[in-house]
Amino acid sequence: MSHTPVAIIGAGPAGLTLSHLLHQHGVESVIFESRSREDVEETVRAGVLEQGTMNLMRETGVGERMDREADIDEAIDISIDGLRTRIELTELTGHQMAVYPQHEYLKDFIAKRIADGGTIYFNTSVDEVSGYDGDRVTVSYTDEKGESQTLTSDYVVAGDGSKSPYRKPVLELDGAVRDRHEYPYAWFGILVNAPQTQKELIYATHDQGFALISTRTETVQRYYLQCNPDDTVEQWSDDRIWSELHARVDSADLQVSEGEIFDKAVLRFRSAVTDPMQRGRLFLAGDAAHTVPPTGAKGLNLAVADVAVLAPALARAVKRNNRDLLDRYSALAVPRIWKAQHFSYWMSSMLHSVPGDPHFQHQRRLAELESVLATEAGRTYLAQQYVGKDLPTFEV
Ligand code: DHB
């Protein structure tokens, strides 16, 4: 039977970044991914990298294509009824942000893992994980050919997304909690062949609802519109999309650029936090443990922040037989998760109009947003949360 120090379930941002960082520490791992490589590399997700995530890519030799191709920005705009206020991220914080789609991030890490001799089993589903309360983990899985296999490991990490079945055993622990929050709105996301509306992102609030102008390349743009959580793609004709985008974003000096829409999808808004994120030799990372709503695009960055703790902690446990950092993984990771949770909630609630909200709430919400934008202190606070804190570092 084969053995690996760390078995990782899921080739998403958490799993791939973890495997890469472990390799840098001289610790090997095996990644199990139920989907195909093509599927992982093509699924459309959000696209903002915090400075800390960009630094990690550069410092560990995965940043070259990102530096070449990402749209690196030093500001964002916040628009109220077409009136834009610039938030000078770099001037206010010293940090930049990159618009780089998650699937491009995954492509870079998959290529790097393979180039470094790493093992990723695609089209491979994990059937059972056992032994995490004891001395050794056993992972039973069905390989690409449909054959049942077994692997043992010292540790197992679930980075398999918000539906992870491995949260359940963690939540069986005394005192374990999962906090959840649902939002009364969702986003309708489109990809469109069009020139950039402007270089920097625009977060727009309007009586008709929120809109976000983001970008993918010089010729492909990513736009989002606030919609109802139970809306379907069929309810949003191209004409309706364009008329809503223009109403919510346009001004005398700026018009949303139009083109052929080639992807439409509804994105759910949810918050969830699991605490702790570990049980024995089992650890949760990324969306398997926590979910943020899309506003501010913190999801990938939070997954990276989790494994910035977990990788040195696992390396210390494997190489030095010292679990002190590993035992503190949840305590070290959870405070940052709550801060990102707060920021995503706060940005979402300031920018979205809730259908049926009393006039009082509507006016209070706009006054809050206007107060934040009106002072340098307010803009600095928003900018600091938006660009995120540097990633923690630990000696192994
Ligand atoms: C994108 C998504 C976000 O949620 C956000 O806040 C900014 C950009 C994007 O997909 O480009």
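**Exercises on the ligand site of a predicted model**

Of the 15 residues that surround the ligand in this predicted model, those that come nearest are Tyr203, Ser214, Arg216, Tyr224 and Pro294.

**Exercise 1.** Identify the protein atoms that lie close to oxygen atoms of the ligand, and state how much of the ligand the protein covers.

*Solution.* Begin with the side chains: an N or O atom in that of Tyr203 is 2.6 Å from a ligand oxygen atom. Turn next to the backbone, where a polar atom of Pro294 is likewise 2.6 Å from an oxygen atom of the ligand. Gly47 also contributes a backbone N or O atom, at 3.4 Å from a ligand oxygen. Each of these distances falls within the 3.5 Å limit for a polar contact. Finally, of the 300 Å² of accessible area that the ligand has on its own, the protein covers 100%.

**Exercise 2.** Describe the site and the composition of the shell around the ligand.

*Solution.* First, locate the ligand: it occupies the largest cavity. Second, sort the shell residues by class, which gives nine nonpolar, four polar and two charged. Third, assign them to strands: β15 (211–215) and β16 (220–227) each provide at least two. Fourth, consider the domains: domain 1 (3–47 + 101–176 + 276–353) and domain 2 (181–269) each contribute at least three residues to the shell.

**Exercise 3.** Examine the backbone at Pro276 and at Ala297.

*Solution.* Recall that most peptide bonds are trans and that most residues other than glycine have a negative phi. The bond between Asp275 and Pro276 is cis, with omega about 5 degrees; Pro276 belongs to the loop between β18 (270–275) and β19 (278–279). Ala297, although not a glycine, has a positive phi of about 55 degrees, and Ala297 lies in the loop between β21 (290–291) and α9 (299–320).

How values were computed
Residues numbered from 1 in each chain as written. Predicted model: local features only at pLDDT ≥ 70, side-chain atom pairs only at ≥ 80, totals over all residues. Heavy atoms only, no water. Near = heavy atom within 4 Å. Polar contact = N/O pair within 3.5 Å; in protein donor to acceptor, adjacent residues only side chain to side chain. Areas by Shrake-Rupley, 256 points an atom, 1.4 Å probe, with all protein chains shown as cover. Helix = DSSP H or I, 4+ residues; strand = E, 2+ residues; numbered from the N terminus. Nonpolar A, V, L, I, M, F, W, Y, C, P; charged D, E, K, R; others polar. Domains from an automatic or database assignment.
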